Amino acid sequence: MARPTHSSSSRTAVFWTRNDLRIADNPALSAALLSGASVVALYVLDDHTAGKWRLGGASRWWLDGSLRRLAESLRSLNVQLVLRRGLAKEVVPAFMKEAGGAEIFWNRRYGAAERLADQDLKASLRSDGYTVRSFNGSLLTEPQTITTGAGGPYKTYSPFWRTVRPKINKSAPLPAPERGQHSLSNYPSDALDAWRLTPQSPNWAAEFPEHWEPGEAGAMKKLDAFLDGCIDGYVDGRDVPGRRATSRLSPHLQFGEISPRQIVWSASAQGDGAAVEKFLSELGWREFSYHLLYHFPDFPEKNWRTDFDAFPWREDEFGFAAWTKGQTGYPLVDAGMRELWATGWMHNRVRMIAASFLTKHLLMDWRRGEAWFWDTLLDADIANNSVSWQWVAGSGADAAPYFRIFNPSAQGERFDADGSYVRQWVPELAKLPSRYIHAPWTAPEAVLREANIRLGTTYPEPIVDHAHARARALDAFKSISHANRGNEP
Ligand code: FAD
């Protein structure tokens with residue numbers, strides 16, 4: 001195809017927005033506007049390119065709100081947001097032609113299928129004569145720029161972060177761009193309502209708006225609230241699920257409504273104390289996850305440690321259903337799974353305990369849990385989710401050793417000592433005294449009666465005994481452990 005020709009005054013630049021749904025500190029958008037061309041933004045709902053990692057249900061709810069906010073912000077810059085649906089490799093070139101676009105700008109993605117698709121598209125657009133410019137809009141340091149002394153990828157977090165931390169760009173993030181001089185375009189666009197991104201019947205996302213405000217402004221509010229109120233208690237409080245001690249920025253980061261650079265800039269303005277450093281090191285885990293995903297693109301599907309390919313995972317549909325519904329009989333696990341269902345988010349400590357329960361107490365393949373989280377988490381992130389699941393399961397990079405098996409009751413006593421988290425999410429246990437709240441089956445009958453609990457009726461008995469599950473998991477692990485040494489990729 002010959003490239004359409006344009007006079008410089010009528011040049012059109014397309015900003016293809018993906019997981020960067022913001023206007024501030026958006027290098028692709030800023031560059032498009034600075035190019036002097038008339039800018040139009042394009043979002044493509046592509047349910048095919050990412051294969052099984054197409055957006056999950058909770059993420060679709062978020063996307064709906066985020067696109068609405070982005071359309072308003074872009075309009076204030078005289079930039080129309082055009083919505084199209086279909087295969088990006090077909091929709092994007094067709095739109096370039098339709099808009100008479102000469103240049104296209106985007107921020108890079110790192111999931112295997114998307115990276116490949118972007119590479120192919122870049123090559124074909126260039127061979128058609130278009131200018132393609134891509135940027136880093138979502139990471140502090142891109143994976144291809146970080147190598148060990150030996151030239152390979154990092155496989156453990158601490159040395160990775162020691163290398164990356166001093167390299168973090170400390171300059172101010174890009175401000176929101178100025179309003180373009182060009183007029184607002186009026187290309188045909190899908191109606192967002194027609195995409196039906198929010199669940200209809202039943203509307204299981206009904207409670208989400210009580211907890212979340214998708215969009216750039218909502219992200220800034222979360223950041224400000226965290227930096228003004230919580231960060232001082234982050235080091236001690238971040239493991240306590242009943243306390244609001246973490247930022248809850250994860251869905252905003254996942255959709256690119258805020259950049260990590262904006263977060264680092266604002267957090268660093270608070271000084272360089274232990275709390276800020278700890279918080280940045282958690283962002284470092286996100287960076288590390290992307291580093292692993294980039295260098296080991298199969299991470300979401302395959303055991304990183306190949307000895308786990310022989311692991312004797314169980315099929316247990318009853319156990320899986322109980323886990324997803326928060327009916328395992330272990331209050332902390334159940335509280336977490338119910339928090340996830342009601343709010344689309346779960347506290348990190350409880351994610352670890354719930355994931356450990358599935359993979360070790362129920363001996364179910366981490367990929368089952370990964371898929372459930374993918375569908376129900378508002379922050380479902382291809383890198384963080386897969387790396388974290390493999391970390392918990394023991395099959396991943398720098399993973400928790402398989403033989404370290406969380407006791408959910410002991411974890412509850414330690415991190416939810418007053419039981420406030422369990423009382424919030426498992427209200428049928430609310431009247432139980434704190435000493436029994438993480439192990440209701442140990443409460444005397446009179447105490448249960450007083451608290452209106454009938455085990456097995458109003459709240460389940462544990463679906464599996466901890467000691468039995470622990471021994472079974474260790475046996476399973478032993479069956480593959482002869483191959484455990486030196487089997488990392
Ligand atoms: P904060 O403590 O305020 O941290 C700030 C940011 O740092 C987070 O928003 C997140 O982007 C990043 N971060 C924090 N902890 C981690 C971590 N352990 N690994 C990677 N990044 C981290 N996080 C996701 O963003 N998406 C997922 O799909 C996801 N799946 C997970 C699955 C399991 C089984 C586990 C154990 C963890 C998972 N996490 C995931 C990591 C972590 O639980 C969340 O990032 C965190 O709870 C988000 O809350 P926050 O924004 O308040 O975190």
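Visitor: What makes the approach of an oxygen atom of the ligand to the side chain of Thr246 a polar contact?

Guide: In this predicted model, an oxygen atom of the ligand is 2.7 Å from an N or O atom in the side chain of Thr246. A polar contact requires a pair of N or O atoms within 3.5 Å, so this pair qualifies.

Visitor: How do you know what an oxygen atom of the ligand has for a distance to the side chain of Arg351, and to that of Trp345?

Guide: The distance to an N or O atom is 3.4 Å for the side chain of Arg351 and 3.5 Å for that of Trp345. The cut-off is 3.5 Å, so the pair with Arg351 is also a polar contact. As for cover, the protein hides 96% of the 820 Å² of accessible area that the ligand has on its own.

Visitor: Which elements make up the shell around the ligand, giving two or more residues each?

Guide: They are helix 10 (250-254), helix 12 (274-295), helix 15 (348-361) and helix 17 (382-393). Helix 12 contributes the most, namely five residues. The ligand is surrounded by 26 residues, and Tyr234, Thr246, Ser247, Arg248 and Asn348 are the closest.

Visitor: How do the residues of this shell divide by character?

Guide: There are 13 nonpolar residues, seven polar ones and six charged ones. The space that the ligand takes is the largest pocket.

Visitor: Why is the protein chain called as compact as a globular protein of its length?

Guide: The chain has 22 helices and five strands. Its radius of gyration is 24 Å, and the globule rule gives 23 Å for 489 residues; the two values are close, so the chain is as compact as a globular protein of that length. Along the principal axes, its C-alpha atoms fill a box of roughly 85 × 50 × 45 Å.

Note on methods:
Residues are numbered from 1 along each chain as its sequence is written. This is a predicted model: local features need pLDDT of at least 70, side-chain atom pairs count only at pLDDT 80 or more; totals for chains, interfaces and linings use all residues. Side-chain values use heavy atoms; hydrogens and water are left out. A residue is near a molecule or strand if one of its heavy atoms lies within 4 Å of it. A polar contact is a pair of N or O atoms within 3.5 Å; within protein, one must be able to donate a hydrogen and the other to accept it, and residues adjacent in sequence count only if both atoms are side-chain atoms. Accessible areas come from the Shrake-Rupley method with a 1.4 Å probe; for residues, only the protein chains shown count as cover. On a 1 Å grid over the protein atoms alone, a cavity is a set of points where a 1.4 Å probe fits but cannot get out, and a pocket is an open set with protein on both sides within 12 Å along at least five of seven lines; lining residues have an atom within 4 Å of a point. A molecule sits in a cavity or pocket if more than half of its atoms lie within 2 Å of its grid points. Helices (H or I, at least four residues) and strands (E, at least two) are DSSP runs, numbered from the N terminus. Ala, Val, Leu, Ile, Met, Phe, Trp, Tyr, Cys and Pro count as nonpolar, Asp, Glu, Lys and Arg as charged, and the others, Gly among them, as polar. The radius of gyration is taken over C-alpha atoms; the globule rule is 2.2 Å times the number of residues to the power 0.38.
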